[in-house]
Amino acid sequence: MKNYKKTFWNILNLIEDYERYGFEDVHPEAEFNEEKKKSREELLSDISTEVKKCTLCVLSKNRKNPVPGEGILDPLVMIIGEGPGAEEDRTGKPFIGRAGKYLDKWLEAIKLSRNENCFIGNIVKCRPPNNRDPKPEESFACFPYLERQIDILKPKVILTVGRISSQIMTGRSLGIGALRGKIYRYKDTPLVTTYHPSGVLRNPALRPRVWDDLRLLRTVIDERM
Ligand code: URA
Ligand code: SF4
């Protein structure tokens, strides 16, 4: 009697499965996972679309173009700056002004290139007037976009440039001189900090320290390759 009951329940389960899924080779959840993998680029471009329409903070008022960030999926490094400057606001592209060209040289010095193995973004996606520091409420409003970008991109290492992005991403309030030189973690991703390229252009005495930071960055990347 017991066995009959078991068989009966098994048949019911089969009927239930058939009603739900039909006789398909691939379980719907497996397909769903495949779909999720395929659409990382779409998820990333969804963020750019949202950013382009965003009015969550006052920086939306004076921007010409928001700068969502640019680069490849699974980058070796995700570079996080502060916010767009004049050139970036004009074009919608990150780090393309004087500081950006200098940043490209830093990357080249440790065999990286923005087009091949990096993603470049910012704490705030819209230009602060007269390049002032983003206010905490603006950084706070914009942060979820960055968080989603990092989750999708899965960089091997994060490099923050300048005080603002280094403080926000490490959750510490020290100046950049005290923050640099260590390896932090953002969620599970190692994170290295350094000065902002604009600051180093103004004060070339910082160059040896940046070089040390870049070498540290390269070591962390090589360990994870
Ligand atoms: N400075 C930044 O912090 N970000 C840019 O995109 C350009 C200059
Ligand atoms: Fe939205 Fe960020 Fe632009 Fe503010 S800076 S309007 S939060 S995209």
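A cavity here is a set of grid points where a 1.4 Å probe fits but cannot get out. Keep that in mind as you open this predicted model, because the tour visits an enclosed space as well as an open one.

**Stop 1: the enclosed space**

There is 1 cavity of 30 Å³ or more to look for, and the largest cavity holds about 120 Å³ of space. To find it, select Cys54, Cys57, Cys126, Cys142 and Tyr145, which lie nearest its centre among the 15 lining residues. Next, colour helix α7, residues 136-153: this helix gives the most to the lining of the largest cavity, with 4 residues. If you colour the cavity lining by class, you will see 10 nonpolar residues, 2 polar ones and 3 charged ones.

**Stop 2: the sheet**

Now switch to a cartoon view and pick out the strands. Six of them, 6 strands in an open sheet, follow the order β1-β3-β2-β4-β6-β5, with mixed pairing. Which strands stand at the edges? They are β1 (70-71) and β5 (183-186); each has a single partner strand, so one side of each is left without a neighbour in the sheet.

Stay with β5 and select strand β6 (residues 189-194) beside it: the two pair in the antiparallel sense over 4 bridges. For one of the residue pairings, select Tyr186 and then Thr189, its bridge partner in β6.

Add helix α11, residues 207-224, to the view. This helix lies across β2 (77-81), β4 (157-161), β5 and β6, and runs at about 170 degrees to β6.

**Stop 3: a loop residue**

Select Ser173, in the loop between α8 (163-170) and α9 (176-179). Is Ser173 buried or exposed? Its relative accessible area is 69%, and exposed means over 50%, so Ser173 counts as exposed. Then add Arg163, which is 10 residues away along the chain; the C-alpha atoms of Ser173 and Arg163 are separated by 9.0 Å.

**Stop 4: the open space**

Finish at the largest pocket, with about 590 Å³ of space. Its lining has 26 residues, and the ones to select are Glu82, Gly83, Asn131, His196 and Ser198, the closest to the pocket's centre. The elements that give two or more residues to this lining are α4 (86-91), α5 (98-109), α8 and α10 (197-202). Colour the pocket lining by class as you did for the cavity: here you will find 8 nonpolar, 10 polar and 8 charged residues.

Conventions: Residues numbered from 1 in each chain as written. Chains lettered and ligands numbered in written order. Predicted model: local features only at pLDDT ≥ 70, side-chain atom pairs only at ≥ 80, totals over all residues. Heavy atoms only, no water. 1 Å grid on protein atoms, 1.4 Å probe; cavity = no way out; pocket = protein on both sides within 12 Å on 5 of 7 lines; lining within 4 Å. Points joined across faces, edges and corners; volume = space filled by probe spheres on them. Nonpolar A, V, L, I, M, F, W, Y, C, P; charged D, E, K, R; others polar. Pairing = 2+ DSSP bridges. Contact = heavy atoms within 4.5 Å. Axes fitted to C-alpha atoms, helices over the stretch in contact; angles between N-to-C directions. Buried < 20%, exposed > 50% of the residue type's maximum accessible area, 1.4 Å probe, protein only.
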